[in-house]
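Hi,

Here is the model I promised to pass on. Have a look at it first, and my notes on what turned up follow below.

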Amino acid sequence: MSFIPGGGELIIILLIVLLLFGSKKLPELARGLGKSVTNFKSGLKDEQPEETETTAQTESEAPRKEDVG
């Protein structure tokens, strides 16, 4: 059983967040969240080329059809 909040629930959650942090602090929190998401995505992209380099090295070390026959 999963709970997916509708429009009313989202408004209530946003009002609670506004009351907890205040209107001056919300832009700073959003900026920080955006930077952390950007860093996370760039970290994922940094991991992928290492895997493809390893795959490229393995393919280049494999004998070619011209070399074998």
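A search of the whole structure, which is a predicted model, turns up 1 salt bridge. Its partners are Glu28 and Lys25, with their closest N and O atoms 3.6 Å apart. That fits within the 4 Å cut-off between a Lys or Arg side-chain nitrogen and an Asp or Glu carboxyl oxygen, so the pair counts. In general, side chains with opposite charges can pair when their charged atoms come close.

Are the two partners buried or exposed? In between, as it happens: Glu28 has 47% relative accessibility, so it counts as partly exposed. Lys25, at 43%, is partly exposed as well.

The other thing to look at is a nonpolar patch on the surface, about 500 Å² in area. Ile12, Ile16, Leu20, Phe21 and Leu29 make it up. Which element gives the largest share of that patch? Helix H1, spanning residues 7-21, contributes 4 residues; Ile12 is one of the patch residues found in that helix.

As for the overall picture, the secondary structure amounts to 3 helices and 0 strands, so if you read the elements from the N terminus on, you get α-α-α. The protein has 69 residues, and 0% of them count as buried; for that label a residue would need under 20% relative accessible area. In total the protein exposes about 6700 Å², with carbon and sulfur atoms supplying 63% of that.

Cheers

Conventions. Residues are numbered from 1 along each chain as its sequence is written. This is a predicted model: local features need pLDDT of at least 70, side-chain atom pairs count only at pLDDT 80 or more; totals for chains, interfaces and linings use all residues. Side-chain values use heavy atoms; hydrogens and water are left out. Patches are made of residues with over 30% relative accessible area and no salt bridge: like charges are joined within 9 Å, nonpolar side chains (Val, Leu, Ile, Met, Phe, Trp, Tyr) within 5 Å. Accessible areas come from the Shrake-Rupley method with a 1.4 Å probe; for residues, only the protein chains shown count as cover. Helices (H or I, at least four residues) and strands (E, at least two) are DSSP runs, numbered from the N terminus. Buried means under 20% relative accessible area, exposed over 50%, partly exposed in between (1.4 Å probe, protein chains only).
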